[in-house]
Amino acid sequence: MAERRTAAPWKFMAATAILWGSAFPAIRVALEDYPPTAMAVLRLTFAILFLLPFLFTGRISRLSRGDIPRMAAFGLSGMTAYQLLLYAGERHVAGGTAAMLVATSPVFATALGMLVLRERPGAWGVAGLLVALGGALVVATASGDGGGSWTGMAMIVLAAAAQATSFILQKPLLRRYSGMDCIFYGSLFGLLPLLVFAPEAAGHLVTAGWQQSAAVIWLGLGCTVLAFCTWSRVLGAATASTSSLVLYAVPVAALALDALLLGSLPAPLAGLGGLIVLAGVGIAAVRRPPARPAPTPAPEPEPAVADDVAKDRVPASV
């Protein structure tokens, strides 16, 4: 069974990377007729509507009252802040470049884990953080059509930080709730502060072109609900280290789809910076093998009269 667990479900990994990567060109298309606030409202609304059947069939668990504050903070950071910052940033930054900047999110998560969860990433984690942030700086200083403005890039880096914050908030919740539970309730809480923009979103939905509206619907269905389904299959069939390869593949998929669908290519320096970002994230993911415990002297043989009792003992190290 252990061998089956380590077998990589490549088709689901590829599907997840493509679904998440498709969000970046879809955002660029939707921004032609939708402001960031309307896009966020509609994406979360469509995601909730697509997940309602799972709520009615009992596939989504009931949220405990004590978990409401943390789940709300998860929704506000991972759904509201992340989407608004990302959409606003992509007004001035190409989709592929945005994807490379968002790839710094695991590095921010490492830094927040050190501060909030008292995690110790070790030398590899710190080195990866510095390398990835250096790559983000290279992307930010790139010029040309793929580079974008400093303001847009700053917003996207803040979006990556908001996403990392949501990862830290979500981590304890995943001990009691499934990923689908977190997406549903996170979307609900993320939508609440955006309801003031609901009339504006409805108006744009009526007047926008069909391609732009289709892109918004795809953000809710494909990039949220379907991506969650394929990601769950990855987590259920592969180890954590193998699953993390999906995160590294998302910017590659975003670059390919951006070039294929929109004809947009990043500046060479931005592409180099993206590779440095991915290298830094990969370095941060390196884990040293646990140190072997010092050998302990063999215990003295038990008296024969105690043999039956000794057989029932369980070693404390198990």
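Here is a friendly conversation about how some features of this predicted model get their labels.

User: Why is Leu-260 called exposed?
Analyst: Exposed means over 50% relative accessible area. Leu-260 has 68%, so the label fits. You will find this leucine in helix α14, which covers residues 245-262.

User: What makes Leu-260, Leu-261 and Leu-262 a nonpolar patch?
Analyst: Leucine counts among the nonpolar side chains, and a patch takes residues with over 30% relative accessible area, joined within 5 Å. Leu-260, with its 68%, passes that cut-off. Together the three leucines offer about 330 Å² of accessible area on the surface.

User: Leu-255 is in helix α14 too. Why is Leu-255 called partly exposed?
Analyst: Under 20% would be buried and over 50% exposed, with partly exposed in between. Leu-255 has 24%, so it goes in the middle class. In space, its C-alpha is 8.7 Å from that of Met-100, although the two are 155 residues apart in sequence.

User: What makes the contact between Asp-67 and Arg-176 a salt bridge?
Analyst: The test asks for a side-chain nitrogen of Lys or Arg within 4 Å of a carboxyl oxygen of Asp or Glu. Here the N to O distance is 3.0 Å, so the pair qualifies. The structure holds one salt bridge. Asp-67 sits in the loop between α4 and α5, and Arg-176 in the loop between α9 and α10, so the pair ties together parts that are 109 residues apart in sequence.

User: Are these two partners, Asp-67 and Arg-176, buried or partly exposed?
Analyst: They get separate labels. Asp-67 is at 11%, under the 20% cut-off, so it counts as buried. Arg-176 is at 46%, between 20% and 50%, so it is partly exposed.

User: How many disulfides does the structure hold?
Analyst: It holds zero. To count, a pair of cysteine sulfur atoms must be within 2.5 Å. As for cysteines, Cys-182 has 0% relative accessibility and Cys-223 has 4%, so both are buried by the 20% rule.

User: How do you know that the length of helix α5 is close to the expected one?
Analyst: Helix α5 has 22 residues, and 32 Å is expected at 1.5 Å a residue. From its first C-alpha to its last, α5 reaches 30 Å, which is close to that value. Along the way, α5 bends by about 30 degrees at Tyr-82.

User: What span should helix α4 have?
Analyst: With 21 residues at 1.5 Å each step, α4 should span 30 Å. Its end C-alpha atoms are 30 Å apart, which agrees. There is a bend of about 35 degrees in α4 at Phe-50, and Pro-53 follows within four residues. Just after α4, Gly-58 takes a positive phi of about 80 degrees.

User: Why is Gly-96 called buried?
Analyst: Gly-96 has 1% relative accessibility, which is under 20%, so it counts as buried. Gly-96 belongs to helix α6, residues 95-102. Its C-alpha is 6.1 Å from the C-alpha of Asp-258, with their places 162 residues apart along the chain.

User: What makes Leu-219 buried?
Analyst: Its relative accessibility is 0%, under the 20% cut-off, so the label follows. Leu-219 is placed in helix α12, residues 210-237. The C-alpha atoms of Leu-219 and Phe-24 are separated by 9.3 Å, while the residues are 195 apart along the chain.

User: Why does Gln-170 count as buried?
Analyst: At 14%, Gln-170 is under 20%, so buried is the right word. Gln-170 lies in helix α9. Gln-170 and Gly-78 are 92 residues apart in sequence, and 9.3 Å lies between their C-alpha atoms.

Note on methods. Residues are numbered from 1 along each chain as its sequence is written. This is a predicted model: local features need pLDDT of at least 70, side-chain atom pairs count only at pLDDT 80 or more; totals for chains, interfaces and linings use all residues. Side-chain values use heavy atoms; hydrogens and water are left out. Patches are made of residues with over 30% relative accessible area and no salt bridge: like charges are joined within 9 Å, nonpolar side chains (Val, Leu, Ile, Met, Phe, Trp, Tyr) within 5 Å. Accessible areas come from the Shrake-Rupley method with a 1.4 Å probe; for residues, only the protein chains shown count as cover. Helices (H or I, at least four residues) and strands (E, at least two) are DSSP runs, numbered from the N terminus. Buried means under 20% relative accessible area, exposed over 50%, partly exposed in between (1.4 Å probe, protein chains only). The expected span of a helix is 1.5 Å times one less than its number of residues. The bend at a residue is the angle between axes fitted to the seven residues ending there and the seven starting there.
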